[in-house]
Amino acid sequence: MVDIFHCSLPMYDMVEVQKYNDILIKVVGFLIAIKSKEIDASNFSCEEKSLLAGLLNDDNKFLEANRDNCLDLWKDNDNMLFSHICGQLYYEKYINSLIPFCTPQFDLDSPIEPGYYNAVIITHKKYAHRYVSLYDETLYDLDSLAGSKLAINAIDSYSGCVSFCNKVSLGQDVKNIFFHPDVLVTGSHRASIQAITDEQADVASIDVITWSLLYRHCPESVASCVIIGETGTAPAPPLVISSALVEKFPRMADIVKCSVIETLNHLNSPISVLTDSLNCDILTNLTDALNALMIKGAVVFPSTPDY
């Protein structure tokens with residue numbers, strides 16, 4: 001019997017909002033346990049019964065957040081129930097082991113279509129004048145980025161690298177002569193923002209959701225930066241489930257997916273099943289968490305998005 005199952009929400013899990021992600025995971029766990037108790041397991045295989053027993057162990061403590069080893073979790077995912085992953089990374093490395101099923105719908109000050117996202121292009125405020133259009137001083141001209149030193153979070157990040165290079169017609173070549181030859185790889189969007197703040201780089205491309213969350217929860221971290229453009233849109237980072245779970249235990253996989261989607265949709269469609277099972281505090285906490293994370297619902301994928 002599996003005693004502990006793992007999940008991870010690494011895409012937007014900066015320290016300021018970790019407690020809110022923990023609330024989401026807790027509610028998902030409660031829903032999985034409640035739904036699992038309603039299953040008629042009479043026709044289950046021994047393996048399925050063992051899995052079900054793991055989901056119903058004492059105090060619903062079967063679900064554990066994994067913040068340290070996401071890559072290992074995605075590769076060796078027999079114990080993984082769900083996770084959140086960059087679409088570019090999923091497509092390049094995990095398309096056979098993970099299955100996308102939805103993405104959070106974020107409440108952004110943007111006309112972006114639900115289920116999609118983009119990145120904002122930033123620079124230091126005191127250097128923003130370098131990029132002002134010669135024809136309209138209220139606009140920025142991305143052609144003037146030529147020669148600028150670029151900070152990227154990772155070479156395989158869609159929002160932090162690929163979408164930006166596509167925007168300025170470079171394909172995916174960040175070493176293109178268009179830019180300064182020294183590209184700074186920072187390891188995270190937040191570190192790229194810090195690099196701009198510290199004047200270690202001239203421009204960076206930042207996931208719009210990361211930018212919005214930091215603007216809300218840690219405004220001092222973005223105070224020295226200004227947005228000078230944005231990239232095109234793409235399918236947002238998907239929530240994924242283990243393909244092994246889907247293949248071996250499709251009924252369990254459906255419960256996990258439904259539990260995640262219902263949790264994300266709570267503001268639009270309150271989770272009534274919890275009112276009889278839990279202290280109302282958890283629903284209040286969930287509402288606060290969703291608002292803090294700027295999540296207003298879930299966009300369910302009818303098929304795998306084209307990443």
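Strands β4 and β12 run antiparallel here, joined by 4 bridges. This is a predicted model, and its secondary structure comes to 10 helices and 13 strands. Of the 307 residues in the chain, 51% are buried. As for how the fold is wired, take the contacts between residues at least 6 apart in sequence: 78% of them join residues at least 24 apart.

**Around β12 and β3**

- In the β4 and β12 pairing, Ile-99 sits opposite Ile-241 of β12.
- Strand β12 covers residues 239-242, and it also pairs with β3, antiparallel, through 2 bridges.
- One of the matches between β3 and β12 puts His-84 opposite Leu-239, and Ser-83 has Val-240 of β12 as its bridge partner.
- Which way do the residues of β12 point? Leu-239 and Ile-241 go one way and Val-240 and Ser-242 the other, with all of them buried.
- That fits the usual rule that side chains in a regular strand alternate between the two faces of the sheet.
- Strand β3 (residues 80-84) is largely enclosed by the rest of the structure, because 5 of its 5 residues are buried.
- β3 has a parallel partner too: strand β1 (residues 5-7) is joined to β3 by 2 bridges.
- In that parallel pairing, His-6 faces Met-80 of β3.

**The five-stranded open sheet**

- A separate topic is the open sheet of 5 strands, ordered β8-β7-β9-β6-β10, with mixed pairing.
- Its edges are β8 (184-185) and β10 (225-230), each of which pairs on one side only.
- Strand β6 (residues 119-124) runs antiparallel to β10, and 5 bridges hold the two together.
- Within that pair, Thr-123 lies opposite Val-226 of β10.
- Helix α6 (residues 189-197) packs on this sheet and touches β6, β7 (150-152), β8, β9 (203-207) and β10. The direction of α6 makes about 150° with that of β9.
- Helix α7 (residues 208-217) packs on the sheet as well, touching β6, β9 and β10. For α7, the angle with the direction of β9 is about 90°.

**How α1 meets α10**

- Helix α1 (residues 18-37) packs on helix α10 (residues 281-292) at about 130°, and their axes are 9 Å apart.
- So α1 counts as oblique to α10.
- The crossing of α1 past α10 is left-handed.
- On the α1 side, the contact is made by Tyr-20, Ile-23, Leu-24, Lys-26, Val-27 and Phe-30.
- On the α10 side, the residues involved are Ile-282, Asn-285, Leu-286, Asp-288, Ala-289, Leu-290 and Ala-292.
- Sorted by class, this contact has 10 nonpolar residues, 1 polar and 2 charged.
- As background on spacing, an α-helix has 3.6 residues a turn, so residues three or four places apart point the same way.

**Helix α4**

- Which residues of helix α4 (residues 87-94) are buried? They are Gly-87, Gln-88, Leu-89, Tyr-90 and Tyr-94.
- The buried residues of α4 pack against α3, β4 (98-106) and α5.

**Two residues to look at: Ser-163 and Arg-67**

- Ser-163 belongs to helix α5 (residues 158-167).
- Is Ser-163 buried or exposed? Its relative accessibility is 2%, so Ser-163 counts as buried.
- Leaving out neighbours within four places in sequence, Ser-163 contacts Ala-119, Tyr-158, Ser-205 and Thr-231.
- Arg-67 is in the loop between β2 (63-65) and α3 (70-75).
- With a relative accessibility of 35%, Arg-67 counts as partly exposed, because that class lies between the 20% and 50% cut-offs.
- What does Arg-67 touch, once residues up to four places away in sequence are set aside? The list is Asp-13, Gln-18, Asn-21 and Asp-22.
- The C-alpha atom of Arg-67 is separated by 7.8 Å from that of Leu-9, although the two residues are 58 apart along the chain.

Methods
Residues are numbered from 1 along each chain as its sequence is written. This is a predicted model: local features need pLDDT of at least 70, side-chain atom pairs count only at pLDDT 80 or more; totals for chains, interfaces and linings use all residues. Side-chain values use heavy atoms; hydrogens and water are left out. Two strands pair if DSSP finds at least two bridges between them. Contact means heavy atoms within 4.5 Å. Axes are lines fitted to C-alpha atoms, for helices over the stretch in contact, and angles run from 0 to 180 degrees between N-to-C directions. Buried means under 20% relative accessible area, exposed over 50%, partly exposed in between (1.4 Å probe, protein chains only). Angles under 35 degrees count as roughly parallel, over 145 as roughly antiparallel, 65 to 115 as roughly perpendicular and the rest as oblique. A crossing is left-handed if the near helix is turned anticlockwise from the far one by less than a right angle, and right-handed if clockwise. Ala, Val, Leu, Ile, Met, Phe, Trp, Tyr, Cys and Pro count as nonpolar, Asp, Glu, Lys and Arg as charged, and the others, Gly among them, as polar.
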